[in-house]
Amino acid sequence: MSSCMGGHKVLYLVRVDVDDLNIRVNPGTANPSIGHTGKGIFIIEKEMPVPGESVWGRLHRISDKKGWICLDHARKIGWGLTMEPFRVKISVPDLNLRKGAGTKYESRGHIPMGVFTIVDVKDVPGESRWGLLLSYAEKRNGWICLDHATRI
């Protein structure tokens, strides 16, 4: 990890299992709360220790929620990200969501049209490029064909 203006630049996923984890404008409980995370998976892009407290993580700029969370209340999941996450827009009503990258994997059903965050990409020989959705990143079992998505 490299030093980055008083913190460490990182890129990994955490799971928050409480509804009311405070998001703060800056790291530390002395700073005002600007909302709550709710339960879910979030991308952390920077860490900063706060003396007398804990380590805080800044939510990735691609997130709908902006600010810092106390990492004592979030569980790091699986693997570090090896790429910058990006968003895609799905404009087809019946895009298959697959358990793995490629058509050889079982379908989980269809995903609705909308905007989604991609956290990993795989090129499948003889097929296309596939993207892992953030909401399925913990078990790595929610992939879409990126031929049917527009990067935004």
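Here are three short exercises on the charged pairs of this protein, each with a worked solution.

Before you start: this is a predicted model, where local features need pLDDT of at least 70, side-chain atom pairs count only at pLDDT 80 or more, and totals for chains, interfaces and linings use all residues. Residues are numbered from 1 along each chain as its sequence is written, and side-chain values use heavy atoms, with hydrogens and water left out.

**Exercise 1.** Work out which elements the protein contains.

*Solution.* Helices (H or I, at least four residues) and strands (E, at least two) are DSSP runs, numbered from the N terminus. Counting them gives 0 helices and 14 strands.

**Exercise 2.** Find out which parts the pair R87 and D64 ties together.

*Solution.* Start with the rule: a salt bridge is a side-chain nitrogen of Lys or Arg within 4 Å of a carboxyl oxygen of Asp or Glu. R87 and D64 pass, with their closest N and O atoms 2.9 Å apart. Next, place them: R87 sits in strand β8 (residues 86–90) and D64 in the loop between β5 (55–59) and β6 (68–70), so the pair links parts 23 residues apart in sequence.

**Exercise 3.** Decide whether E138 and R75 are buried, partly exposed or exposed.

*Solution.* Take the cut-offs: buried is under 20% relative accessible area, exposed over 50%, partly exposed in between (1.4 Å probe, protein chains only). E138 has 27%, so E138 is partly exposed. R75 has 39%, so R75 is partly exposed too. These two also form a salt bridge, at 3.3 Å between the closest N and O atoms.
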